[in-house]
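Let's take a friendly walk through the charged pairs of this protein. Have the sequence and the 3D view open as you read.

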Amino acid sequence: MPERDGPMTSPQTVPIGTGLTEIRERTRAYYNAVGSRYFELFKDELAQKTDDRALLTRFSELLGLKAELCDAGCGPCGHVTRFLADQGLHVTGVDLSDRCIDLARAAQPELTFRVMDMARMDFGSGSLDGLVAYYSILYTPKAHLPTLFQEFHRVLKPRGKLLVVVEEGDGEGWIPDPMGTGEPTYWVDFREPELRSILESNGFHSLYSAVRDPYHFEIQVRRISVIAETIAYPV
């Protein structure tokens, strides 16, 4: 799913179900519809975002050359997958939307992309050195985040590294469509201590966290990043 930037309105509650399966299917359909527009809007965004490039470089250096990595929710551009691959990592971009994967494959034909739900991944247990969730958990209700982070923990090796990037705020719920399809989409905002707490309750130890101000060309909300490492679950 392409979660590289945020909505243009605050989340609000509307009478639609919040079951994980329903939300994932609605999100898949939504990004199948808006994938092409999203590609045109965000395909070159990293060129303008020095802080984001520095963050991804920092994460890459923690993993080391040839580490096995997943870009979970890579979107239609595949640009974060591309950036990480250029750091010498073996990266697979995955996305719920088959339209987004088609676009990413066309844009980055030498890279690997797979249609996959990051809440139910096809990777073997302990098979990855790292995982990036770059604005890609923002469509998962907080009540279901333990399921998502436990899946991240499953596919990562012991002391595997996770990078999560989100937007700052307090809202959660269905929002009017920011891309023009007319369908609402689910959106979740976070506070930095809250995100660290959820991670640390689900098998991760926070190594680094930061909050940055938005660039002038972004939606004007701050961005939160957390780098964490897997730890053993309590027996």
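**Following the salt bridges**

In this predicted model, Glu168 and Arg222 pair up through their side chains in a salt bridge, with 2.9 Å from N to O. Where do the two partners sit? Glu168 is in the loop between β5 (156–167) and β6 (172–175), while Arg222 is in the loop between β8 (204–212) and β9 (223–230), so this contact ties together parts that are 54 residues apart in sequence. Now look at their surroundings: Glu168 has a relative accessible area of 16%, and because buried means under 20%, Glu168 is buried. Arg222, at 35%, is partly exposed.

Next, find Asp170, whose side chain meets that of Arg191 in a salt bridge of 2.8 Å, N to O. This pair also links distant parts of the chain: Asp170 lies in the loop between β5 and β6, and Arg191 in the loop between β7 (185–188) and α6 (192–200), 21 residues apart. Is Asp170 buried or exposed? Its relative accessibility is 60%, so Asp170 counts as exposed. Arg191 has 34% relative accessibility and counts as partly exposed.

Some salt bridges share partners, and in this way Glu45, Lys49, Asp52, Glu167, Arg212, Glu218 and Arg223 are joined into one network.

For a pair within a single helix, turn to α3 (residues 79–86), which holds both Asp86 and Arg82. They are four residues apart, about one turn of the helix, and they form a salt bridge whose closest N and O atoms are 3.1 Å apart.

How many salt bridges does the structure hold? The count is 23, so there are others to look for as you explore the model.

Methods
Residues numbered from 1 in each chain as written. Predicted model: local features only at pLDDT ≥ 70, side-chain atom pairs only at ≥ 80, totals over all residues. Heavy atoms only, no water. Salt bridge = Lys/Arg side-chain N within 4 Å of Asp/Glu carboxyl O. Helix = DSSP H or I, 4+ residues; strand = E, 2+ residues; numbered from the N terminus. Buried < 20%, exposed > 50% of the residue type's maximum accessible area, 1.4 Å probe, protein only.
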